[in-house]
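Trainee: Could you help me learn to read a protein model, beginning with its strands and then its ligand?
Mentor: Gladly; let's look at it together.

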Amino acid sequence: MVHSPEHTEAAKVYRRLLSYVVPYWKIFILSVIGMAVFGSTDAAFAAIMKTITGAGFVDKDPQTIRWIPFMIIGLFIVRVIAGFFSNYGMSWIARNVIKTLRAKMFDQLLRLPVTYFETSSSGIILSKLMYDVEQVAAASSQAITILIRDTVTIIALMGWMFYISWSLTLIFLILAPILAVGIVFVSKRFRTLAKRIQSSMGNISHVSEEAIDGQRVIKIFGGQDYESRQFAVVNEYNRRQNMKIAATTAISTPLVQLIVAIAFAVIVYLATMPGLREIIGVDTFVSFMMAMLMLMQPIRRLTSVNALLQQGIAASQSVFDFVDMPQELDVEGREISGVKGNIVFDHVNFAYSQSNTRVLDDVNLEIKAGESVAFVGRSGAGKTTLVSLIPRFYELSEGKVTLDGVDIRDIKLGSLRSHIALVSQHVTLFNDTIAHNIAYGSLDTATDEDVLRAARSAHAMEFIEQMPDGIKTQVGEDGVLLSGGQRQRLAIARAILKNAPILILDEATSALDNESERYIQQALDELMKGRTTLVIAHRLSTIERVDKIVVMDKGKIVEHGSHQELLAKDAMYAKLYKMQFQDNNQ
Ligand SMILES: Nc1ncnc2c1ncn2[C@@H]1O[C@H](COP(=O)(O)OP(=O)(O)O)[C@@H](O)[C@H]1O
Ligand SMILES: [Mg+2]
């Protein structure tokens with residue numbers, strides 16, 4: 001057979017998948033022995049049939065005939081034991097491979113860059129973790145079982161047939177290449193279809209997920225029809241691809257059977273011709289026909305195993321592609337300690353990978369250790385993007401950012417991020433207690449007193465005390481049981497507890513009412529002391545006390561200075577400030 005690139009690709013995927021089976025080689029060998037024994041029992045049965053016919057009906061040999069029932073029972077006991085070991089062993093290996101692959105994928109999930117999640121749908125990622133990995137199992141257990149067991153069955157049966165009548169077997173073999181051609185043709189088709197079904201499962205979960213997350217918007221804007229239509233499209237696509245697989249299976253299986261049946265008919269015809277009838281004994285003929293009939297099942301299964309194999313390859317491909325995605329760049333970074341917090345942006349240009357437009361345009365800025373700097377500017381000016389570069393959520397296009405004189409690309413990611421506390425507009429809460437949400441991640445070693453103190457400083461105790469279980473209250477999935485302001489206070493408590501030298505507040509108080517904001521502002525003012533702080537705030541009244549205000553517009557820093565200086569300058573900041581001042585007095 002010609003080795004097409006597609007072929008070598010599939011072989012590579014299979015070899016890689018097999019490398020996951022290697023640790024379980026003992027069980028694998030045990031299963032393979034089970035399959036081989038199981039596969040040989042069919043031929044043994046055909047042999048017993050020859051004895052039954054020969055000794056029982058032709059020679060009428062009572063001595064031999066008495067042993068036959070025991071032989072049959074013995075044979076099937078062997079079959080049961082072998083079948084159990086092969087199936088159980090393969091499942092055992094498959095479940096372990098799935099577990100290993102899933103763990104690897106989840107690990108990868110935690111280490112992929114922010115950009116990956118912005119460019120791929122979470123439904124599709126989930127479907128890889130849920131569906132594709134299961135498909136791999138089908139390949140690694142069912143397919144291998146069928147492949148080995150049925151191949152042994154066929155070889156054993158053919159061997160027996162050849163042994164008792166080589167002439168009839170040769171006739172049978174002439175028809176074999178026709179079978180082979182059919183199988184090769186069908187296999188290509190299966191692989192294409194299996195890939196399409198995978199992606200369509202991703203689409204189904206993607207659309208469903210949007211409908212689940214966006215249910216409030218759907219309800220209020222009457223989006224049901226739109227969502228239904230979108231779902232109908234992916235649903236129908238999935239059905240159609242599955243039907244194509246069904247059609248291929250439905251045609252290929254009976255076709256193979258037809259070819260076998262023709263072979264069967266031809267042999268019956270030849271064997272019953274007057275000349276041959278005398279040469280071939282009754283017992284041989286019965287046993288031969290029996291063996292041929294028993295060949296049908298394994299041949300049929302072997303042709304359908306292709307569907308499984310191709311699905312498995314397509315699924316493994318998708319899993320391996322995911323595992324091979326480049327992770328966040330974290331090469332040879334060094335650990336940092338005793339961070340003072342001097343941050344310098346040096347000719348920084350940045351564009352999001354999806355578009356070419358510059359979101360940050362030649363930004364130069366020094367933030368001295370312990371200084372508090374506020375960023376203001378219209379929405380879309382690039383403020384969030386700018387502060388996101390410090391924990392390296394994105395890699396710079398040009399220029400560099402340094403921390404205490406060290407390029408942040410030379411610092412180990414984990415070490416860099418452990419020195420930064422970030423409170424952003426969108427607060428993420430985990431389905432856990434309030435206490436665990438405040439002491440999240442590496443903060444989980446914090447004492448109860450520390451957690452309570454942080455909660456108190458963030459003015460979160462007021463509402464926590466109202467809750468049924470206080471700080472031990474479960475917040476529900478993504479904290480659905482809390483209001484926006486309450487969520488933000490928990491996020492602030494989290495940042496207070498982290499006690500990092502660099503603090504980033506990106507509209508951290510936007511969901512709070514004026515009164516709570518004033519309270520928290522005091523807590524934040526306290527928190528900001530002695531730390532390098534970057535604040536983004538919509539309400540300019542909250543940032544009058546910072547050391548420096550940086551005004552941004554269209555990715556550029558247009559002016560900077562103290563509140564008084566900028567007002568005196570009477571440019572963009574003064575304009576923004578006056579606008580808000582008027583609004584507040586209306
Ligand atoms: N993840 C992203 N992918 C692509 N473009 C983005 C992303 N986040 C923001 N942008 C774009 O970058 C620009 C600056 O956004 P942002 O930094 O969020 O502004 P600000 O925080 O000042 O409102 C906007 O034009 C926005 O559309
Ligand atoms: Mg923003």
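**Reading the sheet and the ligand site**

Mentor: In this predicted model, six strands form an open sheet with mixed pairing, in the order β6-β7-β8-β3-β9-β10. Strands here are DSSP E runs of at least two residues, helices are H or I runs of at least four, and both are numbered from the N terminus; two strands pair if DSSP finds at least two bridges between them.

Trainee: Which strands stand at the edges?
Mentor: Those are β6 (420-423) and β10 (556-561); each has a single partner strand, so one side of each lacks a neighbour in the sheet.

Trainee: In what sense do β9 and β10 pair?
Mentor: Strands of a sheet pair through backbone hydrogen bonds, either parallel or antiparallel. Here β9 (residues 548-553) and β10 are antiparallel, over five bridges. Isoleucine 549 faces glycine 561 of β10.

Trainee: Now the ligand: which residues come nearest to ligand 1?
Mentor: A residue is near if one of its heavy atoms lies within 4 Å. Of the 13 residues around ligand 1, the nearest are Glu118, Gly380, Lys383, Thr384 and Thr385.

Trainee: What are its polar contacts?
Mentor: A polar contact is a pair of N or O atoms within 3.5 Å. The side chain of glutamate 118 has an N or O atom 2.9 Å from a nitrogen atom of ligand 1, and a polar backbone atom of glycine 382 is 3.0 Å from a ligand oxygen atom.

Mentor: Residues are numbered from 1 along each chain as its sequence is written, chains are lettered from A and ligands numbered from 1 in written order. Local features need pLDDT of at least 70, side-chain atom pairs count only at pLDDT 80 or more, totals for chains, interfaces and linings use all residues, and side-chain values use heavy atoms, without hydrogens and water.

Key
Polar contact = N/O pair within 3.5 Å; in protein donor to acceptor, adjacent residues only side chain to side chain.
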